[in-house]
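Student: Hi! I have a new structure to get to know, and I'd like to talk it through with you. Could you pull it up?

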Amino acid sequence: MKKLTITGKSVEEVLAIFEEEMKISKNEYEYLVIDKGSSGFFGFLARDAVVEITIKKEFYERKLEEFLKNIVSYFDSDIKVSVFAKNPRLFIAKIDGEGIGKIIGKHGKGLGALQHIATIFLNRLSDIKITVIIDAGDYREKRKELIKKIVENAVEKISAGVERVELDPMFSFERRLVHEFLKKYPHVHSFSEGVEPYRYVVIERRRNHDNIHARKSRTYNNR
């Protein structure tokens, strides 16, 4: 996930220094020897060893888990944390325990803040952009069902004649869910407005859909 090219007197020295400085174990990285180096002849024509090191996902999983465990311990020392990489750019963290309510916070604001700082932390260790998603006690699944109902209620209002519905501010993953749920309703379209953390989704009646529907109706009536 992150590649480093390091030079030193020998391959062994390069790896030893790298492990010490990064606090990384042997199973958390891979390496390719570009040049084994040479001591030369009586010091002449000596050259350093060159090693290309690739840090594996296991390192990032461990670092993120340690980071989150340290934070949640201030809420409840018995909260369990598990982390896994779904792919190199997406890490999923699950937390569970009696004290997760305090972490989730009102409307999930605490959970959103924790996710934000966890993403910043992991991106500082990587050379590619990484997204961290944290789920606490299946909160996201429950939230997903609630958002689905919110979308259905908004669509009902528009179907009844309302031109525009503005939803309450949501996190980015929640807004994505809204847009996804709305794909099955061709007579509406959605977009986001505002600035984080107050960004919200707007749902509007699709004008061209009304025109198409009217033309189809006229065509049918003229038959």
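Tutor: Happy to. One term before we start: two strands pair if DSSP finds at least two bridges between them. Keep in mind too that this is a predicted model.

Student: Got it. How many bridges join strand 1 to strand 3, then?

Tutor: There are 7 bridges between strand 1 and strand 3, which covers residues 49-55, and the two strands run antiparallel. To pick out one of the partners, G8 has A49 as its bridge partner in strand 3.

Student: What's the order of the strands in that sheet?

Tutor: The order is 1-3-2, in an open sheet of 3 strands with antiparallel pairing. Strand 1 (2-8) and strand 2 (29-35) each have a single partner strand and stand at the edges, so one side of each has no neighbour in the sheet. From one strand to the next, the twist averages 25 degrees.

Student: And which strands does helix 1 lie across?

Tutor: Helix 1, residues 11-22, lies across strand 1, strand 2 and strand 3. Relative to strand 3, helix 1 runs at about 40 degrees.

Student: Let's zoom out. Which domains does the chain have?

Tutor: The domain assignment gives domain 1 (3-55), domain 2 (58-136) and domain 3 (140-212).

Student: How many residues of domain 1 are in contact with domain 2?

Tutor: On the domain 1 side there are 7 residues, in contact with 5 residues of domain 2. The centres of domain 1 and domain 2, taken over C-alpha atoms, are 33 Å apart.

Student: New topic: pockets. How much space lies in the largest pocket?

Tutor: About 850 Å³. The largest pocket is lined by 27 residues, and the closest to its centre are M170, F171, S172, E196 and P197. Helix 4, strand 6 (131-136), helix 5 and helix 6 (172-181) are the elements that give two or more residues to that lining.

Student: Which element gives the most?

Tutor: Helix 4 does, with 7 residues in the lining of the largest pocket. By class, that lining divides into 12 nonpolar, 7 polar and 8 charged residues.

Student: Why does the largest pocket lie between domain 2 and domain 3?

Tutor: Because domain 2 (58-136) and domain 3 (140-212) both give residues to its lining.

Student: What about the second largest pocket, what's its volume?

Tutor: The second largest pocket has a volume of about 180 Å³. Its lining is made up of I133, D135, R140, E141, K144, F173, R176 and L177. Strand 6, helix 5 and helix 6 each supply at least two of the lining residues.

Student: And how does that lining split by class?

Tutor: The lining of the second largest pocket has 3 nonpolar and 5 charged residues, with no polar ones.

Student: Last thing: how many cavities of 30 Å³ or more are there?

Tutor: A search of the whole structure finds 1. The largest cavity has a volume of about 30 Å³, and its lining consists of G108, L111, G112, Q115, Y139, R140, F171 and F173. Helix 4 (109-123) and helix 5 (139-159) are the elements that give two or more residues to this lining.

Student: Which one contributes the most there?

Tutor: Helix 4 gives the most to the lining of the largest cavity, with 3 residues. The lining as a whole divides into 4 nonpolar, 3 polar and 1 charged. Domain 2 and domain 3 both give residues to the lining of the largest cavity, so this cavity lies between them.

Student: Thanks, that helps a lot!

Terms used:
Residues are numbered from 1 along each chain as its sequence is written. This is a predicted model: local features need pLDDT of at least 70, side-chain atom pairs count only at pLDDT 80 or more; totals for chains, interfaces and linings use all residues. Side-chain values use heavy atoms; hydrogens and water are left out. Helices (H or I, at least four residues) and strands (E, at least two) are DSSP runs, numbered from the N terminus. Axes are lines fitted to C-alpha atoms, for helices over the stretch in contact, and angles run from 0 to 180 degrees between N-to-C directions. Contact means heavy atoms within 4.5 Å. On a 1 Å grid over the protein atoms alone, a cavity is a set of points where a 1.4 Å probe fits but cannot get out, and a pocket is an open set with protein on both sides within 12 Å along at least five of seven lines; lining residues have an atom within 4 Å of a point. Grid points are joined across faces, edges and corners, and a volume is the space filled by probe spheres set on the points. Ala, Val, Leu, Ile, Met, Phe, Trp, Tyr, Cys and Pro count as nonpolar, Asp, Glu, Lys and Arg as charged, and the others, Gly among them, as polar. Domain bounds come from an automatic or database domain assignment.
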